[in-house]
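Please look at the sequence and the model shown here before reading on. The report then goes through the overall make-up, one helix contact, one strand pair and two loop residues.

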Amino acid sequence: MTATGWTLEELTARVAAVLDGAAYAGAPNGRVRDVPDARAIRWYATIGLVDRPTMRGRTALYGPRHLAQLVAIKRRQSEGRRIADIQVELAEAPDALLWEIADLPKHEQPRTRFWTEPPAPHTPPPAPPPALLSGVPLSGDVTLLLPGAPGPDDVAAILAAAQPLLDLLAARGLTRDPSPESSAERGSAQ
């Protein structure tokens, strides 16, 4: 393989070497060749079953994906499948499927270059369930929401601490119903 790929003759030899073993039974009838020749490879590219080669000048160059496609085609043909059925299954098939069907040795599989692959879609972690809130009524129309349930002593302390805030809200006209304590205090002051 050159720095950028195999020639058609080198690819044909590679396909023959991979298929030359006990795991490949060959074509079930005499109509289909056991190993594709240059003409068959060009035809597969024409019908879209094999990716078109990269051209460098007038030389067509093929890579590991082409090898996987051709071996997968031959393995499917050895199972008796028709080329039209193989075309439906393998045209534009992802690399993982091609390598699985082709059953290529590890040294024939390309090394993955993670930086050339698009990143996986980001899925944010699931949101935590909403916290249950407890409400402490401070006045007729003011309620303090807390992430936990306060105890009886906590409620008394909260009411005492909230009184200046309730008075301020009432003085500014931000509450409709002032707290009873504030009304009583205002009434005795008059």
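What percentage of the 190 residues in the protein is buried? Buried residues make up 29% of them, where buried means under 20% relative accessible area, exposed means over 50%, and partly exposed lies in between (1.4 Å probe, protein chains only).

This is a predicted model, in which local features need pLDDT of at least 70 and side-chain atom pairs count only at pLDDT 80 or more, while totals for chains, interfaces and linings use all residues. Residues are numbered from 1 along each chain as its sequence is written, and side-chain values use heavy atoms, with hydrogens and water left out.

**Overall make-up**

The protein contains seven helices and four strands. Helices (H or I, at least four residues) and strands (E, at least two) are DSSP runs, numbered from the N terminus. Read from the N terminus, their order is α-α-β-β-α-α-α-β-β-α-α. The protein exposes about 12900 Å², an accessible area from the Shrake-Rupley method with a 1.4 Å probe. Carbon and sulfur atoms supply 57% of that area. Of the contacts (heavy atoms within 4.5 Å) with a separation of 6 or more, 57% are between residues 24 or more positions apart.

**Two helices in contact**

Helix H1 (residues 8-19) packs against helix H2 (residues 38-46) at an angle of about 100 degrees, and their axes are 10 Å apart. Axes are lines fitted to C-alpha atoms over the stretch in contact, and angles run from 0 to 180 degrees between N-to-C directions. H1 and H2 are therefore roughly perpendicular to each other, a term for angles of 65 to 115 degrees. On the H1 side, the contact is made by Leu8, Leu11 and Thr12, and on the H2 side by Ala38, Ile41 and Arg42.

**A strand pair**

Strand S3 (residues 134-137) and strand S4 (residues 143-146) pair in the antiparallel sense over four bridges; two strands pair if DSSP finds at least two bridges between them. Gly135 has Leu145 of S4 as its bridge partner. A hairpin of five residues joins S3 to S4.

**Two loop residues with positive phi**

Neither Glu92 nor Asp103 is a glycine, yet each has a positive phi.

| Residue | Phi | Loop | Relative accessible area |
|---|---|---|---|
| Glu92 | about 60 degrees | between H4 (83-90) and H5 (95-102) | 76%, exposed |
| Asp103 | near 50 degrees | between H5 and S3 | 52%, exposed |

How values were computed:
Angles under 35 degrees count as roughly parallel, over 145 as roughly antiparallel, 65 to 115 as roughly perpendicular and the rest as oblique.
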